[in-house]
Amino acid sequence: MGLLESLSMLLLLLWLCFLPRLGSCSSLGAARALDALLQDYAYRAFARPRTGVVYDGDVPLNLTGIKVSAMRLRSGSLWTRGVPTYKEFQIPVGVVEQPYVERLVLVYQNLGNWSARYYSLPGYMYLTPVVGLLAYDASNLSAINLPELDIRASGQPISIRFSDVKPAPVGSSAMCVSFDLKGSVNFSSVLSDNICTTFLPGHFSIVVESVAPSPAPVSPAPPGGPPKEARVPAGKGKKNKSKVGIIVGSVAGGLVLLFLLGLLIAWVGKYKRRKKMQQMERAAEVGEALHMTRIGSTKAPAATVTRTQPTLESEYMP
């Protein structure tokens with residue numbers, strides 16, 4: 001079952017990387033899928049696990065260039081002793097994890113030539129590969145798709161000492177960049193000896209701003225200025241067409257809205273009249289029917305029975 005899940009994760013990763021519409025693995029989803037895949041291959045390196053020993057793992061052939069390692073530690077040992085050297089990382093004492101586990105695994109990543117593919121940073125150039133430090137629960141070394149533990153340095157920060165650093169272009173200044181597990185990007189200053197620092201897990205590198213190409217030389221304008229056609233700013237015609245299209249669309253939308261509003265008002269009026277007629281018909285059915293008689297050309301109600309017969313005063317006998 002674990003092999004099938006790893007293969008499905010790998011297929012998902014390939015789809016995210018080589019989908020033509022994306023063109024790269026710069027999305028957060030692809031980076032998180034890579035973390036889950038590398039966690040699986042890092043745990044496979046534990047043939048006979050020993051505490052505090054670094055085990056280098058193997059990655060699939062289609063991810064050649066990426067390095068992954070794993071080291072199992074006790075939480076108490078991480079807190080009291082730290083890790084003096086773990087690849088580029090130096091972990092001081094006082095590091096805690098949330099939620100608490102008895103043992104944890106620190107997974108190291110070096111993305112090599114895949115750095116810019118998974119962590120695209122427009123406007124910047126990488127001087128070092130992107131390296132990562134993530135923590136997982138070590139209670140089950142055959143588990144996959146584990147959630148990361150939130151490790152945090154409570155005193156001194158975690159140091160990342162980069163050894164393979166390309167020279168920065170003349171006039172540019174190198175900066176540390178960090179990517180946290182939520183996709184946020186943060187920049188900080190590079191310390192001496194190409195050292196960056198962090199208090200949290202994530203991925204790290206050293207970058208410089210990309211140097212924009214120099215603009216092409218502009219030939220001097222001829223006397224009298226350019227012809228009238230050339231004086232129109234570039235893109236102005238397109239902007240005007242766009243504004244006209246927006247205005248026409250707004251007017252057409254307003255007319256359609258008014259038409260629909262008129263239909264709604266007419267329907268409401270018709271509904272009210274129909275309702276009133278129904279109420280009058282029900283009242284007529286419930287009430288007492290009156291006898292109608294014709295007077296000339298019109299009809300009028302007439303009583304069929306009189307309750308009291310009229311009596312002449314001369315006929316009254318006391």
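Is Ile265 buried or exposed? Ile265 is exposed, at 58% relative accessible area. Here are some notes to go with the model, which is a predicted one.

1. **Overall make-up.** The protein holds five helices and 16 strands. Of its 318 residues, 31% are buried. Its accessible surface is about 21400 Å², and carbon and sulfur atoms account for 61% of that. Taking contacts between residues at least 6 apart in sequence, 67% link residues at least 24 apart.

2. **The patch around Ile265.** To return to the opening question, Ile265 sits in helix H5, which covers residues 236-286. This residue helps to make a nonpolar surface patch of about 840 Å². Its partners in the patch are Leu255, Leu258, Leu261, Leu264, Trp267, Val268 and Tyr271. With a relative accessible area of 58%, Ile265 is over the 30% that patch membership asks for.

3. **Strand E14 and its cover.** Please have a look at strand E14, residues 202-209. Seven of its eight residues are buried, so the strand is largely enclosed by the rest of the structure. Several strands pair with E14, and the next point takes them in turn.

4. **The partners of E14.** Strand E7 (residues 124-126) runs antiparallel to E14 and is joined to it by three bridges; here Tyr126 has Val207 as its bridge partner. Strand E8 (residues 131-137) is also antiparallel to E14, again with three bridges, and Gly132 is matched with His203. Strand E11 (residues 175-179) pairs with E14 over five bridges, in the antiparallel sense. In that pairing, Ser178 stands opposite Phe204. If you are following the side chains along these strands, a general point may help: in a regular strand they alternate between the two faces of the sheet.

5. **E4, E10 and E13.** Strand E10 (residues 158-161) has pairings to look at too. Strand E4 (residues 89-91) pairs with E10 through two bridges, antiparallel, and the partner of Phe89 in E10 is Ile160. E10 also pairs with strand E13 (residues 195-198), antiparallel and over four bridges. Ser159 faces Thr197 of E13 in this pairing.

6. **Salt bridges within and beside helix H2.** How many salt bridges does a search of the whole structure find? The search gives seven. One of them joins the side chains of Arg32 and Asp35, with an N to O distance of 2.4 Å. Both residues belong to helix H2 (residues 28-43), where they are three residues apart, about one turn of the helix. Arg32 is partly exposed at 24% relative accessible area, whereas Asp35 is buried at 1%. Another salt bridge links Arg44 and Asp40, whose closest N and O atoms are 3.1 Å apart. Arg44 is partly exposed, with 42% relative accessibility, while Asp40 is buried at 7%.

7. **A link between E2 and a loop.** Arg74 and Glu102 form a salt bridge too, with 3.8 Å between the closest N and O atoms. Arg74 lies in strand E2 (residues 67-74) and Glu102 in the loop between strand E5 (95-98) and strand E6 (103-110), so the pair ties together parts that are 28 residues apart in sequence. Arg74 is partly exposed at 38%, and Glu102 is exposed at 55%. Elsewhere, salt bridges with shared partners join Arg32, Asp35 and Glu148 into one network.

8. **Ser69, also in E2.** Strand E2 holds Ser69 as well. Ser69 counts as buried because its relative accessibility is 2%, under the 20% cut-off. Its side chain makes a polar contact of 2.6 Å with the side chain of Asp56. Leaving aside residues up to four places away in sequence, Ser69 touches Ala42, Val54, Tyr55, Asp56, Gly57, Tyr86, Lys87, Leu106, Val107 and Tyr108. Asp56 is therefore worth displaying beside Ser69, as it appears both in the polar contact and among the residues that Ser69 touches.

Notes:
Residues numbered from 1 in each chain as written. Predicted model: local features only at pLDDT ≥ 70, side-chain atom pairs only at ≥ 80, totals over all residues. Heavy atoms only, no water. Salt bridge = Lys/Arg side-chain N within 4 Å of Asp/Glu carboxyl O. Buried < 20%, exposed > 50% of the residue type's maximum accessible area, 1.4 Å probe, protein only. Polar contact = N/O pair within 3.5 Å; in protein donor to acceptor, adjacent residues only side chain to side chain. Contact = heavy atoms within 4.5 Å. Patch = residues over 30% accessible without salt bridge, like charges linked within 9 Å, V, L, I, M, F, W, Y side chains within 5 Å. Areas by Shrake-Rupley, 256 points an atom, 1.4 Å probe, with all protein chains shown as cover. Pairing = 2+ DSSP bridges.
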